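Here are my notes on the pockets and on one asparagine. Have a look at the model first, then read on.

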Amino acid sequence: MKALDELTFDNRFARLGDAFSTHVLPEPLDEPRLVVASNAAMALLDLDPAVAQTPVFAELFSGHKLWAEAEPRAMVYSGHQFGGYTPQLGDGRGLLLGEVYNEAGEHWDLHLKGAGMTPYSRMGDGRAVLRSSIREFLASEALHALGIPSSRALCVIGSSTPVWREKQERGAMVLRLARSHIRFGHFEYFYYTKKPEQQAELADHVLNLHYPACREQPEPYLAMFREIVERNAEMIAKWQAYGFCHGVMNTDNMSILGITFDFGPFAFLDDFDAHFICNHSDHEGRYSFSNQVPIGQWNLSALAQALTPFISVDALKEALGLYLPLYQAHYLDLMRRRLGLTTAEDDDQKLVERLLKLMQNSGVDYTLFFRRLGDESAAMAVAKLRDDFVDLAGFDAWAELYTARVARDGDYSEEQRRERMHAVNPLYILRNYLAQNAIAAAESGDYSEVQRLHEVLSKPFEEQAGMEQYAQRPPDWGKHLEISCSS
Ligand code: AMP
Ligand code: MG
């Protein structure tokens, strides 16, 4: 276990130099205070969880103090936003403080979001508000606990600094951890600004540090792109299987490591709705729940375009062709497991599609349905769940197919079935209304609800005593909360 001053830095991205990022010091927030910290994220840095309670912790992660070895940098990138190219974006309110490596030899980027203005702030104020910082913290750690690749979050630090959004709010910072903060948009920036040398430097940086096994392949850059395609297909399959809607899948928000990244107006589905749009500024539904699948491919094509100086167009096209079949395989595998199936049959995809259509038509709670399906034998479970459906004849027909399919799958006890299904079907997810309750309490100075919700969501598959209120459908007020993009 380490103390805060024992972290070891090795700032590999900063060493790439001024063409890639700009040195900027964080702008401190007034009266910093710890809102919440993640012990699991602390462990990634070998930090003793007790250090979160010391005053220096809040000072470090609110811009008041800095390690001597840290080299805070704002990274430059660009990206396609809602389909259109924006030639320059970059860290407008976040700083890469440095890279720390732990005892296992893993490097982790320390990225402080909400740290003040940078050369890339454009019209923004460089700040993040408490509300959005709490949402990013809870989502990162909750996705990780569900087994969905994501950036992580160490802590949220609140303050008394006023920040203007639709109304006056308070500034906060979230300390984000990731193995890299390099986005698709980094490659696009050097491609569209026609800086081939720097682009090659960036490609080698990513290859050497994050895809070293690809160096052994005959075409290392192609092997790397293929792996990026594979990782994205798997990540998006997990989003779809668990009902996660990202909301702003611009290429500047897509990680080169295939992790969920840059949380804005995201949401988990309550009722199943394939057409759900969580970002209320997304008028055309470009990033609706079901569109995430083709948009994943669109984004990879944008990255492929930026890689044309290194890889032939034919090879890029072939690699892009892997996306959909891989996505489908991962998705179906996960959905089979969510249904409690251990074998594969040709009609399983249809079984899933039919169920989703019925759920859509009846507004069935996506998370609770699967959890309850595993509570008892297939026949008993469907008999109880039947009441949630409007089209009873449709559901009965599905239930008959399903129970027959379960019988063919194997002969296991109710106990075995429950254990297996509960291990993949969470009881607790980050519902928007739960986040909203925790935010409302935090805005009035009570952080206990954020901390409790974080705790519950860190073990989403485990039923926790006294936590029934976190495993309910939303009340009416909490059903269709509009989440603002201005964060
Ligand atoms: P996002 O929608 O959060 O992914 O941000 C898109 C771009 O806008 C990125 O370059 C951000 O750094 C920048 N940005 C977002 N909010 C602010 C802000 N309050 N101040 C400065 N830049 C911002
Ligand atoms: Mg972003």
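1. A word on classes before the pockets: Ala, Val, Leu, Ile, Met, Phe, Trp, Tyr, Cys and Pro count as nonpolar, Asp, Glu, Lys and Arg as charged, and the others, Gly among them, as polar. The model is predicted, so to speak of local features takes pLDDT of at least 70, side-chain atom pairs count only at pLDDT 80 or more, and totals for linings use all residues. Residues are numbered from 1 along each chain as its sequence is written, and side-chain values use heavy atoms, with hydrogens and water left out.

2. The largest pocket (an open set of 1 Å grid points over the protein atoms alone, where a 1.4 Å probe fits, with protein on both sides within 12 Å along at least five of seven lines) holds about 810 Å³, as filled by probe spheres set on the points. Its lining (residues with an atom within 4 Å of a point) comprises 32 residues, with Gln81, Arg93, Arg122, Asp262 and Ser487 nearest the centre. By class that is 9 nonpolar, 12 polar and 11 charged.

3. The second largest pocket comes to about 440 Å³. Of its 18 lining residues, Phe272, Ala274, Tyr331, Glu353 and Leu356 lie nearest the centre. Helix H10 (348-362; helices are DSSP runs of H or I, at least four residues) gives the largest share, 7 residues. The classes here are 9 nonpolar, 6 polar and 3 charged.

4. Asn279 counts as buried because its relative accessibility is 2% (the cut-off is under 20%, 1.4 Å probe, protein chains only). A polar atom of its side chain lies 3.2 Å from the backbone oxygen of Gly247, and one lies 3.0 Å from the backbone nitrogen of Ser281.

Note on methods
Chains are lettered from A and ligands numbered from 1 in the order in which they are written. Helices (H or I, at least four residues) and strands (E, at least two) are DSSP runs, numbered from the N terminus. Buried means under 20% relative accessible area, exposed over 50%, partly exposed in between (1.4 Å probe, protein chains only). A polar contact is a pair of N or O atoms within 3.5 Å; within protein, one must be able to donate a hydrogen and the other to accept it, and residues adjacent in sequence count only if both atoms are side-chain atoms.
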